[in-house]
Amino acid sequence: MNQVARGSLLGIEHLEAKEILSLLTQARRMNPLKPRPLLRNKRVLLLFYEPSTRTRASFEIAAKSMGAMTTLVLSSGSSIEKGESLLDTAYTLRAVGADVIVIRHPNAGAPLLMATHLDVPVINAGDGMHEHPTQALLDAYTILRHKKTLSGLQMAIVGDIFHSRVARSAIHLLSKFGARITLCGPPEFLPEVATSLAPGLHITRTVEEAVRGADAVMVLRVQKERLAGTKLRLQDYISRYQLTTARLKLAKRDAILMHPGPIIRGLELTWEVADCPQSVIVEEVHNGVPVRMAILAKALGKAN
Ligand code: NCD
């Protein structure tokens with residue numbers, strides 16, 4: 001296989017703990033409100049084959065607050081609709097002068113394919129059911145603003161774990177630092193293979209068991225169409241797995257509640273829980289900007 005373009009960020013799985021810590025340290029030095037022209041004259045291409053609000057907006061703001069130029073290419077309205085291949089789109093974006101490409105794609109491995117054919121860094125903004133490394137980094141950053149360390153942290157992840165690239169990247173990251181992770185969801189959303197993702201993963205049958213004593217609880221979005229493929233009816237999902245105030249009370253008193261968004265109030269969590277003082281959902285989004293500033297600066301060799 002070709003070499004991966006230098007500076008690319010394709011996933012958490014193969015990153016070393018020290019590379020993760022270096023990105024998190026760099027992120028702490030970034031202040032979007034005090035722009036530094038670290039990326040002046042750099043062109044950041046945002047290539048989104050799937051919908052996105054948070055990831056896309058925060059990458060764009062991160063890039064612009066460091067003086068870069070950004071161009072957004074969406075699959076709808078571009079030549080992708082005409083059947084252009086991923087690599088031909090990549091060569092096109094390189095030809096117009098991209099210095100870095102941020103890509104979200106429904107297929108696992110699309111960012112890797114691009115990074116092995118281009119000479120500019122590629123950043124994975126979510127690929128299929130594979131990884132979402134920048135989300136895992138902003139989640140770790142958020143946890144560390146509330147908890148001293150990730151080591152020994154008790155983390156509960158509730159919902160559709162099987163289809164979640166957010167969960168996969170979070171599991172890779174947190175287990176590298178010795179967190180204890182408990183997963184909970186309907187069996188169809190939590191196949192046995194989940195435990196092979198990382199050592200020390202636990203699966204619980206009930207959300208109560210998962211949440212009890214947790215330092216952090218991460219709730220994942222549940223897509224109704226995926227639920228339709230299981231034996232569970234929407235109402236059953238809600239009564240068994242929805243994060244309610246009573247269930248969150250089982251976690252440690254100072255536990256934080258996380259969700260990568262978009263949240264569907266009334267489904268995976270109640271309205272009350274979404275807005276409760278323990279909720280750091282909005283803070284996660286906020287932290288996405290400095291974390292993605294650090295990622296872009298690192299990709300372009302401008303991190304100090
Ligand atoms: C997630 C995604 O797209 O993977 N959103 C995000 O980037 N914050 C999660 C989801 O869509 O459920």
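How many Å separate the centres of domain 1 and domain 2? Taken over C-alpha atoms, the answer is 27 Å. Keep in mind that this is a predicted model.

**View 1. The chain split into its two domains.** Domain 1 is built from two stretches, 17-131 and 286-299. Domain 2 covers 146-279, so to speak the piece that sits in sequence between those two stretches.

**View 2. Where domain 1 and domain 2 touch.** On the domain 1 side, 13 residues are in contact with the other domain, and twelve residues of domain 2 meet them. Put the two together and about 1000 Å² gets buried. Carbon and sulfur atoms give 60% of that area.

**View 3. Zooming in on Glu 50 and Arg 165.** Here the two side chains meet in a salt bridge, with 2.8 Å from N to O. Glu 50 falls in the 17-131 stretch of domain 1 and Arg 165 in domain 2. The count of salt bridges between the domains is one. As for polar contacts, four residue pairs link domain 1 and domain 2, with both partners at pLDDT 80 or more.

**View 4. The face that domain 1 turns to domain 2.** Three elements each bring at least two residues to this side: helix H1 (17-28), strand E3 (100-105) and strand E4 (122-127). H1 gives the most, with three residues. By residue type, the side of domain 1 that touches domain 2 is a mix: five charged, four polar and four nonpolar.

Definitions and conventions:
Residues numbered from 1 in each chain as written. Predicted model: local features only at pLDDT ≥ 70, side-chain atom pairs only at ≥ 80, totals over all residues. Heavy atoms only, no water. Domains from an automatic or database assignment. Contact = heavy atoms within 4.5 Å. Buried area = accessible area lost by both parts, 1.4 Å probe. Salt bridge = Lys/Arg side-chain N within 4 Å of Asp/Glu carboxyl O. Polar contact = N/O pair within 3.5 Å; in protein donor to acceptor, adjacent residues only side chain to side chain. Helix = DSSP H or I, 4+ residues; strand = E, 2+ residues; numbered from the N terminus. Nonpolar A, V, L, I, M, F, W, Y, C, P; charged D, E, K, R; others polar.
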